[in-house]
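Let's take a walk through this model, one piece at a time. Keep the viewer open and click along as we go.

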Amino acid sequence: MTRQSKRTGSNLSRRKFIVGAGAAGVAGLAGCTRSGESGNPTESGGGSTDSGGESTEGTQSETLSGDINIAGSSTVFPLATAMAERFQKKHSKVSVNVQSTGSGGGFANYFCTGQTDFNNASRPIKKEEKQQCSSNNVEPVELKVATDALTVIVNNKNDWIGEGLTVEQLRQIWSAKSKPKTWADVNPEWPDEPLELFGPTDASGTYDYFIEAVLGEEGPGHRQDYSATEQDRTIVQGVQGSKYAMGYLGFAYYSENKDAVQAVPIKDGDGGYVKPSLDNALQGKYTPLSRPLFTYAAKSSLSKNHVAEFAKFWLQNATSKKIVAEEVGYVPLSDEEQSKMMKRLESAIQEAN
């Protein structure tokens with residue numbers, strides 16, 4: 001499989017995210033094109049069956065053919081890629097193109113203009129995005145595919161942060177109103193050294209969710225004097241490279257870089273400090289930074305057999321601990337959630353036809 005990238009940088013393997021230039025990915029599946037996070041193929045996601053509950057259901061490969069185009073969230077990108085790789089192995093005549101554009105960038109520039117069949121998102125679609133879609137006769141079908149634990153990271157040499165950060169401290173650090181210049185501005189016991197901040201751009205659903213969960217929708221907004229990037233690996237690299245750095249990103253990217261940076265436990269209200277983890281997100285302990293992840297299908301595209309079968313395949317495997325949790329790093333859907341999403345999808349497919 002080849003990957004045509006809109007952005008340049010070091011190479012990405014979903015199972016082992018390598019920081020630094022010059023790392024080579026492993027050849028994947030012919031016919032599945034992936035754009036966005038790196039320029040080289042990643043290792044294959046495996047066969048059509050596995051011990052982690054991967055579904056083997058679906059139309060046989062010789063009966064399906066055509067293109068599937070997916071844009072959107074960099075957070076959902078590794079999960080979409082894992083599903084696309086497996087689907088391609090079952091259906092070799094289907095070509096899947098997955099781009100990492102950011103949730104908002106995907107909606108505005110691809111999905112709502114009718115250019116893609118799916119848009120991945122790490123937050124729900126906005127009212128203005130729905131209006132844009134409607135003006136172009138695109139009807140989005142919302143499908144929850146996993147749960148993430150948005151993760152705050154600091155340098156491994158940071159030995160002053162102690163048990164972690166409170167939500168109030170996070171708000172102070174990232175707010176456009178307070179904009180502390182040094183760590184000591186947040187806590188006088190911390191170093192009087194410049195805060196070096198790294199995070200996603202305003203096209204990212206992670207950025208939007210951070211505003212909603214930490215800064216507040218009606219608050220002063222997100223500070224803009226930070227290093228903003230659409231590439232999650234750049235956030236990791238920035239924090240890894242400076243003792244006084246901080247950043248935030250999706251849990252999957254941290255989970256593959258646990259030796260490079262350290263995750264910060266977060267305290268919400270009167271509770272204790274809670275580490276970002278899949279278990280804590282699943283149990284509702286990691287608040288307010290656990291969040292749902294989505295893909296949005298264009299209803300008209302679901303009239304195409306190969307597109308509908310791919311959507312079914314994704315949901316059939318959305319409960320797989322092996323794929324979603326162990327391989328990618330997110331919380332799988334519960335059986336109840338899967339059933340709800342599948343009913344929504346089946347209804348949309350019937351309407352599309």
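Start with an open sheet of three strands, ordered E7-E12-E13 with mixed pairing. Strands here are DSSP runs of E with at least two residues, helices are runs of H or I with at least four, and both are numbered from the N terminus. Two strands pair if DSSP finds at least two bridges between them. At the edges sit strand E7 (165–166) and strand E13 (273–274), each pairing on one side only. Strand E12 (residues 266–267) runs antiparallel to E13, and two bridges join them. If you want a spot to click on, Lys267 stands opposite Tyr273 in E13.

Before going further, a word on ground rules: this is a predicted model, so local features need pLDDT of at least 70 and side-chain atom pairs count only at pLDDT 80 or more, while totals for chains, interfaces and linings use all residues. Residues are numbered from 1 along each chain as its sequence is written, and side-chain values use heavy atoms, with hydrogens and water left out.

Now hop over to strand E2 (residues 66–72). Five bridges tie E2 to strand E3 (residues 94–99), and the two run parallel. Ile70 has Val98 as its bridge partner in E3. Together, E2, helix H1 (residues 77–90) and E3 form a right-handed β-α-β unit; right-handed means that, with the strands pointing away from the viewer, the path from the first strand over the helix to the second runs clockwise. E2 also pairs in the parallel sense with strand E4 (residues 118–121), over three bridges, and there Ala71 stands opposite Asn119.

Next, find Glu196 in strand E8 (residues 196–200). Is Glu196 buried or exposed? Neither: Glu196 counts as partly exposed because its relative accessibility is 33%, where buried means under 20%, exposed over 50% and partly exposed in between (1.4 Å probe, protein chains only). The side chains of Glu196 and Ser242 are joined by a polar contact of 2.8 Å, that is, a pair of N or O atoms within 3.5 Å, one able to donate a hydrogen and the other to accept it, with residues adjacent in sequence counting only if both atoms are side-chain atoms. Glu196 and Met246 lie 50 residues apart in sequence, yet 6.2 Å apart in space, C-alpha to C-alpha.

Met246 leads us inside. Along with Leu170 and Trp174, Met246 has the most contacts within the largest nonpolar core, which has 88 residues. Such a core is a set of buried Ala, Val, Leu, Ile, Met, Phe, Trp, Tyr and Cys residues joined through side-chain atoms within 4.5 Å. A second, separate core of 10 residues includes Phe107, Phe111, Cys112 and Tyr296.
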